[in-house]
Amino acid sequence: MQTALLRDLDLTRPDEIERVAQGMRQTLIEVEGEARGTAMYTLDWLRDRVRWHLDPAQTQARVVLALGARGEVLAHTIFRVEGPAEARFGLISTTYVWPAHRRAGLAARLLQCAEDWFLAQGLARCCTWTSSTNKPLIALYHRHGYVQTDQGPNDLTGTLMIQLSKPLLSTEALKS
């Protein structure tokens, strides 16, 4: 397991916002291919999306970075609360580990960070959506107790997307 510090993105650091936006772009490229992945969203839109997640007027969310020994961003995840008050759930919006740092446990640590935060928010379940071809991410989530609960085409590309979900609270905990 790679040693890394997990901390929230610092909105006053344009380099951190840029690195997360670039990671979001790389995710799209890996899933959709170079041409489609770069055409889906501009980098300006992706930077704005990072900022949107940290605007309390818009959403209740976190952007968490995994930092290396020299403070470099090795990975990130974005997660937020979704749904109406009576049916809130946690959504892991994106996770990206830069290729040189993969297979070192960073994605698992980021996933655990999101789950811990969702539990602290009192959420009973969480989920993520990913391409049906994203085998490494699907395998990671399966190892952590997630199961496929839905599927459908991506609105922009038509790519088959699957939802992976996990209950966070037992039915006994929900009753109390």
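These are my notebook entries on the cores, strands, helices and salt bridges of a predicted model.

**Entry 1. Nonpolar cores**

I began with the largest nonpolar core, which has 27 residues. F79, I92, L106, F118, Y141 and Y146 are the residues with the most contacts inside this core. I then listed the elements that give two or more residues to it: the strands β2 (61-67), β3 (73-82), β4 (89-97) and β7 (160-167), and the helices α4 (106-120) and α5 (135-143). The largest share comes from α4, with eight residues.

I looked up the contacts of F79, leaving out residues up to four places away in sequence. F79 touches A61, R62 and V64, then L91, I92 and S93, and also C113, A114, W117 and F118. Apart from the largest core I noted another one, of 13 residues, with L43, V50, L65 and V73 among them.

**Entry 2. Strand β2 and its partners**

I next checked how far β2 is covered. Six of the seven residues of β2 are buried. Strand β1 (residues 5-8) runs antiparallel to β2, and four bridges join the two. In β1 I picked out D8, which stands opposite V64 in β2.

β3 also pairs with β2 in the antiparallel sense, over seven bridges. A66 stands opposite A75 in β3. I looked at the hairpin of β2 and β3 and counted five residues between the strands. G71, in this hairpin, takes a positive phi near 85°.

**Entry 3. Helices α1 and α3**

I looked up the packing of helix α1 (residues 14-32) against α3. Their axes are 9 Å apart, and the angle is about 115°. I recorded the crossing of α1 and α3 as right-handed. From α1, the contact is made by I17, E18, V20, A21, Q22, M24 and R25. From α3, the residues are L43, L46, R47, R49, V50 and R51. I note that L43 and V50 also belong to the core of 13 residues.

**Entry 4. Salt bridges**

A search of the whole structure gave me twelve salt bridges. Side chains of opposite charge can pair when their charged atoms come close. I took three pairs and one network from the search.

I started with D44 and R47, whose side chains meet in a salt bridge at 2.5 Å, N to O. D44 and R47 both lie in helix α3 (residues 43-53), three residues apart, which is about one turn of the helix. Which partner is buried and which is exposed? R47 is buried, because its relative accessible area is 18% and the limit is under 20%. D44 counts as exposed, at 53% relative accessibility.

I then looked at E82 and R80, where the closest N and O atoms of the salt bridge are 2.5 Å apart. R80 is buried, with a relative accessible area of 8%. E82 is partly exposed, at 25%.

The third pair is R36 and E32, with a salt bridge of 3.7 Å, N to O, between the side chains. Here the acidic residue is the buried partner: E32 has a relative accessible area of 11%. R36 counts as partly exposed, at 40% relative accessibility.

Last, I traced a network of salt bridges. It links R7, R13, D15 and E16.

Note on methods: Residues are numbered from 1 along each chain as its sequence is written. This is a predicted model: local features need pLDDT of at least 70, side-chain atom pairs count only at pLDDT 80 or more; totals for chains, interfaces and linings use all residues. Side-chain values use heavy atoms; hydrogens and water are left out. A nonpolar core is a set of buried Ala, Val, Leu, Ile, Met, Phe, Trp, Tyr and Cys residues joined through side-chain atoms within 4.5 Å. Buried means under 20% relative accessible area, exposed over 50%, partly exposed in between (1.4 Å probe, protein chains only). Contact means heavy atoms within 4.5 Å. A salt bridge is a side-chain nitrogen of Lys or Arg within 4 Å of a carboxyl oxygen of Asp or Glu. Two strands pair if DSSP finds at least two bridges between them. Axes are lines fitted to C-alpha atoms, for helices over the stretch in contact, and angles run from 0 to 180 degrees between N-to-C directions. A crossing is left-handed if the near helix is turned anticlockwise from the far one by less than a right angle, and right-handed if clockwise.
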